[in-house]
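Colleague: Please pick one spot in the backbone, look at it closely, and then set it against the rest of the model. Plain description will do.

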Amino acid sequence: MRFTIPVPDAAAHAAARERLDGLVKPVGSLGRLEELAAWLSAAHGCVPPRPLTDVRVVVFAGDHGVSALSAYPREVTGAMVRVFLAGHSGVNVLAEQVGARVRVADIAVDWDVSDVPASVLAHKIRRGSGSIDVEDALLPGEALRAFEAGLSLADEEISTGADLLIPGDMGIGNTAVCAALVAASLGLPAAEVVGAGTGVDSAGLARKVEAVSAALARAAGRVEDPFERLTALGSACAAATAGFLVQAAARAVPVLLDGVFSGAAALVARDIAPGAERWWLAGHRSTEPSQAFALKALGLEPILDLGLRLGEGSGAVQAVPTLRAARAILADMGLLADLT
Ligand SMILES: O=C(O)c1ccc[n+]([C@@H]2O[C@H](COP(=O)([O-])O)[C@@H](O)[C@H]2O)c1
Ligand SMILES: Cc1cc2nc[nH]c2cc1C
């Protein structure tokens with residue numbers, strides 16, 4: 001599968017840098033905001049960049065075979081889908097604060113359901129994913145189908161006006177999958193990447209390291225190809241999130257990555273479509289070690305570090321005002337040259 005990923009506009013980046021240096025402030029004094037302003041100028045190909053008025057969060061919901069490694073029961077995944085639909089989740093509330101819309105897609109929730117809108121189920125791939133310590137997460141062909149589902153979700157959002165995309169995740173057990181994907185992608189041992197997820201104790205952490213080690217040993221020799229990696233160690237949600245990220249880049253729409261799940265999916269997505277990472281920013285730093293490894297490998301520095309570990313897109317949503325502020329300095333600040 002080959003993607004043509006556009007290259008952000010270097011001339012707009014340089015023009016933004018020049019304007020930033022001429023704004024009514026000491027050179028460089030707005031720090032990271034200046035870097036973000038130039039980044040967005042390059043993404044939009046103009047100075048100042050366009051306002052970010054239509055921000056969309058898509059929450060990829062699905063179960064994972066390793067859900068017993070979580071501090072919470074598997075049933076929470078489906079129950080949370082109803083909470084997203086009712087508008088009462090963490091990300092619903094935080095998105096409301098910044099005027100972002102939240103959509104939830106059931107990619108692989110393991111439940112019997114008939115009373116959620118058909119649009120929520122439209123991209124469903126399967127119920128749950130395999131327990132990666134003992135079996136592949138996905139059947140042959142499913143990683144590609146899930147990737148294409150994510151791609152379609154990005155297309156749907158972009159075609160209806162989204163100017164900034166945020167991938168969210170809801171899936172009990174998914175931090176073990178993230179650890180496995182990141183470890184396999186970067187050649188790291190399980191013990192370095194496994195974290196406490198929703199909050200397991202030290203015995204739970206040890207079980208998780210053991211399971212991720214077993215998964216890595218089982219998949220050894222097959223993880224070079226990113227779709228094989230998703231099949232062996234990922235999940236339908238991981239593949240769908242990767243597709244979402246690649247298609248945003250292919251259509252030159254900026255993305256704010258969220259926590260560990262979108263970081264792990266981004267690492268695999270970059271292997272599918274090299275260069276796509278130029279269209280992604282890291283919204284925040286998660287408490288999960290695998291996210292730090294993933295972001296470092298992608299060359300991304302988180303905008304915020306608030307100690308969040310909720311997922312759902314919640315941390316990335318918090319970074320939206322910062323990105324808007326970065327645009328505003330380019331659009332609205334006066335020039336040093338006009339000082340009287
Ligand atoms: O985004 C993060 O960094 C993050 C860190 C820890 C937990 N989570 C959320 O919690 C769930 C996964 O945690 P766990 O312990 O069940 O693997 C999943 O629904 C994630 O959205 C998310
Ligand atoms: C309640 C709950 C909400 C979540 N949102 C993302 N992951 C979650 C995990 C739990 C347990």
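**A loop residue and its setting**

Modeller: A252 lies in the loop between helix 11 (236-250) and strand 4 (255-257); helices (H or I, at least four residues) and strands (E, at least two) are DSSP runs, numbered from the N terminus. This is a predicted model, in which local features need pLDDT of at least 70 and side-chain atom pairs count only at pLDDT 80 or more, while totals for chains, interfaces and linings use all residues. Residues are numbered from 1 along each chain as its sequence is written, and chains are lettered from A and ligands numbered from 1 in the order in which they are written.

The phi of A252 is positive, about 60 degrees, although A252 is not a glycine. Most residues other than glycine have a negative phi, and most peptide bonds are trans. A252 counts as partly exposed because it has 17 C-beta neighbours inside 10 Å. On this scale, with C-beta atoms placed from the backbone, a residue is buried if 20 or more other C-beta atoms lie within 10 Å of its own, exposed if 12 or fewer, and partly exposed in between.

E312 also has a positive phi, near 70 degrees, and is likewise a residue other than glycine. E312 sits in the loop between helix 13 (289-298) and helix 14 (314-332). With 30 other C-beta atoms within 10 Å, E312 is buried. E312 belongs to the surroundings of ligand 2, together with Y72, V76, M80, M170, T198, L310 and G311; a residue is near a molecule or strand if its C-beta atom, placed from the backbone, lies within 6 Å of it. That shell divides into 5 nonpolar, 2 polar and 1 charged residues, where Ala, Val, Leu, Ile, Met, Phe, Trp, Tyr, Cys and Pro count as nonpolar, Asp, Glu, Lys and Arg as charged, and the others, Gly among them, as polar.

Around ligand 1 there are 24 residues, of which S70, G197, G259, S286 and G311 come nearest. Strand 3 (164-170), helix 7 (174-186) and helix 12 (260-272) are the elements that give two or more residues to this shell. Helix 7 supplies the largest share, 3 residues. By class, the shell of ligand 1 has 8 nonpolar, 11 polar and 5 charged residues.

Helix 12 also packs against helix 10 (residues 226-233), at an angle of about 150 degrees and with the axes 9 Å apart. Axes are lines fitted to C-alpha atoms, for helices over the stretch in contact, and angles run from 0 to 180 degrees between N-to-C directions. That angle makes helix 10 roughly antiparallel to helix 12; angles under 35 degrees count as roughly parallel, over 145 as roughly antiparallel, 65 to 115 as roughly perpendicular and the rest as oblique. On the helix 10 side P226, R229 and L230 meet V268, D271 and I272 of helix 12, contact being C-beta atoms, placed from the backbone, within 7 Å. The residues of this contact divide into 4 nonpolar, no polar and 2 charged.

Helix 14 contains A319, which is buried, with 23 other C-beta atoms within 10 Å. Leaving aside neighbours within four places in sequence, A319 is in contact with L256, G283, H284, I303 and L304. A319 and V260 are 59 residues apart along the chain, and their C-alpha atoms are separated by 16 Å.

T77, in helix 3 (residues 75-86), is buried too, with 27 other C-beta atoms within 10 Å. Beyond four places in sequence, the contacts of T77 are A61, G62, D63, V109, M170, G171 and I172. The C-alpha atoms of T77 and D106, 29 residues apart along the chain, are separated by 9.8 Å.

One more backbone feature is the cis peptide bond between V47 and P48, with omega about -5 degrees. P48 is in the loop between helix 2 and strand 1 (55-62).

As for the whole, the protein comes to 14 helices and 5 strands. Buried residues make up 55% of its 340 residues. The radius of gyration is 20 Å, which agrees with the value near 20 Å for a compact globule with 340 residues; the radius is taken over C-alpha atoms, and the rule is 2.2 Å times the number of residues to the power 0.38.

Note on methods: Contact = placed C-beta atoms within 7 Å.
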